[in-house]
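Please look through the structure below with the following paragraphs at hand. They go from one place to the next and say what is found there.

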Amino acid sequence: MIQHLDVDGVPTVLAATGGPMRAGLTFRVGTADETLARSGITHLLEHLALAPLGLADYHVNGATAQAFTTFHTQGSETDIAAFLTAVCGHLSDLPAARLDVEKEILRTEWSSRGAAAIDDIPLWRHGARDYGLTSYPEWGLGALTADDLREWAARWFTRENAVLWLAGDRVPAGLRLPLPAGTRQPVPIASSALPQTPAYFVNGSRAVVLDSVVRRRAAATVFAGVLERELYRSLRQEAGLSYTTTTGYEPRGDGYATLRALADALPEKQDAVLGGFVDVLAKMRVGRIEQADLDATIAKREDFLGIAEVDAARLPSYALNVLTGEPNLTVDEHRAELKAVNLADLHEVAGEMTASALLMVPGGLTADWAGFVAAPTHSTEILQGTTYSSKEGNAALRIGVDGVTLLRTDNPLTVRYDDCSAMLVWPDGARQLVGLDAIALYIEPTLFNLHPAAIPAIDAKVPRDRQIAMPARAPEAIPQPRAVVRQPTERANSTWWELPAMVLSGMGVLLVGAFSVLLTLAMLLTETEPGEEQLWGAVVVLWLLTVILTLPIVKLRRRRRGR
């Protein structure tokens, strides 16, 4: 049984375990509660709370997720009491001397982490806000001060906004949770950057990934297992196309859950994997679901519910439900829900999955043939303002009172100042505006014919708390315009007399040349003696005059072609 207790005003859940004692202190705050301009503040607080503990002789760690932050440990009662008491003390009295060191550690952590296939999905679904922020670097770290962190801790790391879970026989003696008073915070409202679904986007990853949002219920968890079995059977066992086929189901705390599916592929088989993946989704959508897969998935879930320490094993998720207000069921209630799931329920979940689907496809492929709409990669709105041409002649930048538009053939990019999630600011004048819809607009002053007041005008419009100072770039990292090759059709700086002169010269060449040819032929046909010097002299003069009249035409053509 899971007991509900209270430790220093913090709701506490406890379940017995036969193994080492485990504990976790979870707060209802995560990256989705931040803004892009202050991203990283929760993660930094987590690090600062752990930093003074140094190297422990027992397991301790912290984790910052989208909506939750957890400090967890395993060890003796004394170790657990000392760890949790110290963490709460550090949250209330931050070790500010470690601030710069922990910032550098977090930057190193970000730069060294490997890219995952699903990293970009939050950005495409939610944009540059709430649940989409996990796709971005922690750009806000640089400007964060100790006072910023204290304010954040006072708001979010409170006893009313926390839950303690303990896998053990009792609350450890000497455990104290000196947290300030506060209020329970609801989970963030999930935004959407997708005008319509099902949608798809292209990514350089070798995997095909489906991301969807479904109602949180037992049928959805079972469907995730059934879908994984079908993907494994179709893409690995039968077709031999994929090695990894997996699904995931993660509740958000707002009555909905994220349901994902993934299948990897070799570069030469990506097209086949995408086709097979879509075929599996279509099969599920029309209700072609095997009863044997349903039975096997339910049996697997029941096996977990039948283990001796099932209550201790589900304490972390149980604590999250306490934080979000979601219902917590007993083991018997879970079993009853599972047994009630039927094929019709799974068919209904398949429809929800399809309706909300966001499909990630490998580079060079599309999914419009399967009924998925391309997720937007450019803006539909073009703002009014002053237009500045590109030095390369391939774009234009329009700066207005409401925002900025980058004009590029058929793919304009627009970021309104009031919808700007953040603006990166470089000392050399470069700017990057990121809209709430995740549209990113780069402004490189070296590539545009900008007025000196253009960049200051943008800076004045974007709120200061959304501007992020970036380190200076090396000179070789600043882009320079490529040489523009002028086309032969250009006629810049031509003068009014060139064309008439060419026409007159041409007429003269035709007349004199024709007369020269006729006179020469007449002299040859009448066998005029070479000694008749006057006639032959006239012929020579006429031919010279023809050449002289031709020279201006040649020079004028070269002059006009060279512009």
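Arg215 and Glu348 are partners in a salt bridge, with their closest N and O atoms 3.8 Å apart. The model is a predicted one. Arg215 belongs to strand β8 while Glu348 belongs to helix α12, so this pair ties together parts that lie 133 residues apart in sequence. Side chains of opposite charge can pair when their charged atoms come close. In this work a salt bridge is counted when a side-chain nitrogen of Lys or Arg is within 4 Å of a carboxyl oxygen of Asp or Glu, and the 3.8 Å between Arg215 and Glu348 meets that cut-off. Are the two partners buried or exposed, or something between? Arg215 has a relative accessibility of 35% and therefore counts as partly exposed. Glu348 is also partly exposed, because its relative accessible area is 40%, and the partly exposed class runs between 20% and 50%.

How many salt bridges does the structure hold? The count is 26. Another of them is found in helix α6, where Arg233 and Glu230 both lie, three residues apart, or about one turn of the helix. The closest N and O atoms of Arg233 and Glu230 are 2.6 Å apart. Arg233 is partly exposed, with a relative accessible area of 22%, whereas Glu230 is buried, with 5%. The limit for buried is under 20%, so Glu230 at 5% falls under it and Arg233 at 22% does not. This pair is part of a wider arrangement: salt bridges that share partners join Arg229, Glu230, Arg233, Lys283 and Asp293 into one network.

A further salt bridge is made by the side chains of Glu160 and Arg159, at 3.7 Å from N to O. Glu160 has a relative accessible area of 27% and is therefore partly exposed. Arg159, at 25% relative accessibility, is put in the partly exposed class too.

The next topic is the nonpolar interior. Which residues have the most contacts inside the largest nonpolar core? They are Phe223, Leu227, Phe277 and Leu359, in a core of 44 residues. Several elements give two or more residues to this core: strands β8 (208-215), β10 (256-263) and β11 (358-362), together with helices α6 (218-238), α7 (270-285), α8 (291-305), α11 (331-340) and α12 (343-355). Of these, α6 provides the largest share, ten residues. Helix α6 is also where the salt bridge partners Arg233 and Glu230 lie.

On the surface, charge of one sign is gathered in one place. Asp402, Asp418, Asp419 and Asp437 form a patch of negative charge there. One of them, Asp437, sits in the loop that runs between β18 (431-435) and β19 (440-443). Asp437 has 40% relative accessibility, so it counts as partly exposed.

Some places in the backbone deserve a separate look. Where is there a cis peptide bond? Such a bond joins Thr197 and Pro198, with omega about 5°. Pro198 is in the loop between β6 (162-167) and β7 (199-203).

Two residues have a positive phi although neither is a glycine: Asp8, at about 55°, and Asp130, at about 30°. Asp8 is placed in the loop between β1 (3-7) and β2 (10-15). Asp130 is in the loop between α4 (121-126) and α5 (146-156). Asp8 is partly exposed, with a relative accessible area of 38%, but Asp130 counts as buried, because its relative accessibility is 10%.

The last two places concern residues set apart along the chain. Pro52 lies in the loop between α1 (41-50) and β4 (59-64). Between the C-alpha atoms of Pro52 and Arg98 there are 8.6 Å, while 46 residues separate the two along the chain. Pro52 has a relative accessible area of 41% and is therefore partly exposed. Ser317 is part of helix α10, residues 315-324. The C-alpha atom of Ser317 is 9.2 Å from that of Asn328, and these residues are eleven apart along the chain. With 42% relative accessibility, Ser317 counts as partly exposed.

Definitions and conventions: Residues are numbered from 1 along each chain as its sequence is written. This is a predicted model: local features need pLDDT of at least 70, side-chain atom pairs count only at pLDDT 80 or more; totals for chains, interfaces and linings use all residues. Side-chain values use heavy atoms; hydrogens and water are left out. Patches are made of residues with over 30% relative accessible area and no salt bridge: like charges are joined within 9 Å, nonpolar side chains (Val, Leu, Ile, Met, Phe, Trp, Tyr) within 5 Å. Accessible areas come from the Shrake-Rupley method with a 1.4 Å probe; for residues, only the protein chains shown count as cover. Lys and Arg count as positive and Asp and Glu as negative; His and the chain ends are not counted. The place of a charge is taken as NZ of Lys, CZ of Arg, CG of Asp or CD of Glu. Helices (H or I, at least four residues) and strands (E, at least two) are DSSP runs, numbered from the N terminus. Buried means under 20% relative accessible area, exposed over 50%, partly exposed in between (1.4 Å probe, protein chains only). A nonpolar core is a set of buried Ala, Val, Leu, Ile, Met, Phe, Trp, Tyr and Cys residues joined through side-chain atoms within 4.5 Å.
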